[in-house]
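Let's take a friendly walk through this protein model, from its overall build down to its cysteines. Have a look at the picture below before reading on.

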Amino acid sequence: MSNSNRIILATYLPLTLLILLFTTLYALESQALYLKFGVRVAMFLTVLILNKRIWTQRILIFAFLCTLLSDYFFVLLRATNPDFPNRELYGMVGFIVAYLFLIAAFQRHLSFGKREVLTLLPFVVVFGIVLSLLAKHAVGFMFVAAVILGVVLCYTGMTMVSTLYRGYFTKSAAWLIAISGCVLFFSDMVVAFSIFHPAFKPFLLWKENLIWGTYMLGWILLLIIAGEEKLTLNSNRL
């Protein structure tokens, strides 16, 4: 592991714990919201200054930027009064674009055979179950955006897990990418309940910390990928 990635872990794992602590102490008050958004700004600035060797790492800049814009709507604007109209819809659009950038970053040695189908299947099954549970609570553009986001997220998860056997990334990098894809998918499934299900819309400490714990873990792993010195099996690849 490079020195920059050791610094990333030493910085952002404690900040993740601090986010969970502030959520416990302040719930959705401005102190917790400002901290969350501030950490996400710091992560974007970090990915900007990392020494990126290949295009995969450079594409991640745009994924981080899109999630920062989404967090502006999902997180920072929650501190405003009155609430911003269609805040969650704009946030979902940002994540759709972010995951498209993740697909572009990790879809190397493109193929779609039996292994990819088997990899995609668990994501589709979980998303199908979640959609069936939430469909009656979602209406209008929010429902359309949720379906599009879910489809893109399923393909993103499959793409990131498929790095384990597509033979482009090193095995250690592929595992980090695959784990990131899985925890981000899980985090967004919980977010879906938080947005649409009446029982999950109010503040629930375990729900909020589960979302932010997995969300931060997923993007910390992607920060490590962005700063990894040997990411591919052929270090000369662009």
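What percentage of the contacts in the chain with a separation of 6 or more comes from residues 24 or more positions apart? In this predicted model, such residues account for 78% of those contacts.

Now for the elements that make up the fold. The chain has 8 helices and 0 strands, so its pattern along the sequence reads α-α-α-α-α-α-α-α. The radius of gyration is 18 Å, close to the 18 Å that the globule rule gives for 238 residues, so the chain is as compact as a globular protein of that length. Taken along the principal axes, the C-alpha atoms fill a box of roughly 50 × 40 × 25 Å.

Next, consider what is inside and what is outside. Of the 238 residues, 50% are buried. The accessible surface comes to about 11100 Å², and carbon and sulfur atoms hold 72% of that area. As for charge, the chain carries 18 positive and 9 negative side chains, with the centres of the two sets 10 Å apart.

Finally, a bench favourite: the cysteines. The structure holds 0 disulfides, and the distances help to show why for two of the residues. For Cys-66, the closest cysteine sulfur belongs to Cys-154 and is 19 Å away, too far for a bond. Cys-66 counts as buried because its relative accessibility is 11%, under the 20% cut-off. Cys-182 also has its closest cysteine sulfur in Cys-154, at 12 Å, which is again too far for a bond. With a relative accessible area of 37%, Cys-182 is partly exposed.

Methods
Residues numbered from 1 in each chain as written. Predicted model: local features only at pLDDT ≥ 70, side-chain atom pairs only at ≥ 80, totals over all residues. Heavy atoms only, no water. Helix = DSSP H or I, 4+ residues; strand = E, 2+ residues; numbered from the N terminus. Rg over C-alpha atoms; globule rule 2.2 N^0.38 Å. Buried < 20%, exposed > 50% of the residue type's maximum accessible area, 1.4 Å probe, protein only. Contact = heavy atoms within 4.5 Å. Areas by Shrake-Rupley, 256 points an atom, 1.4 Å probe, with all protein chains shown as cover. Lys, Arg positive; Asp, Glu negative; His and termini not counted. Charge placed at Lys NZ, Arg CZ, Asp CG, Glu CD. Disulfide = S-S within 2.5 Å.
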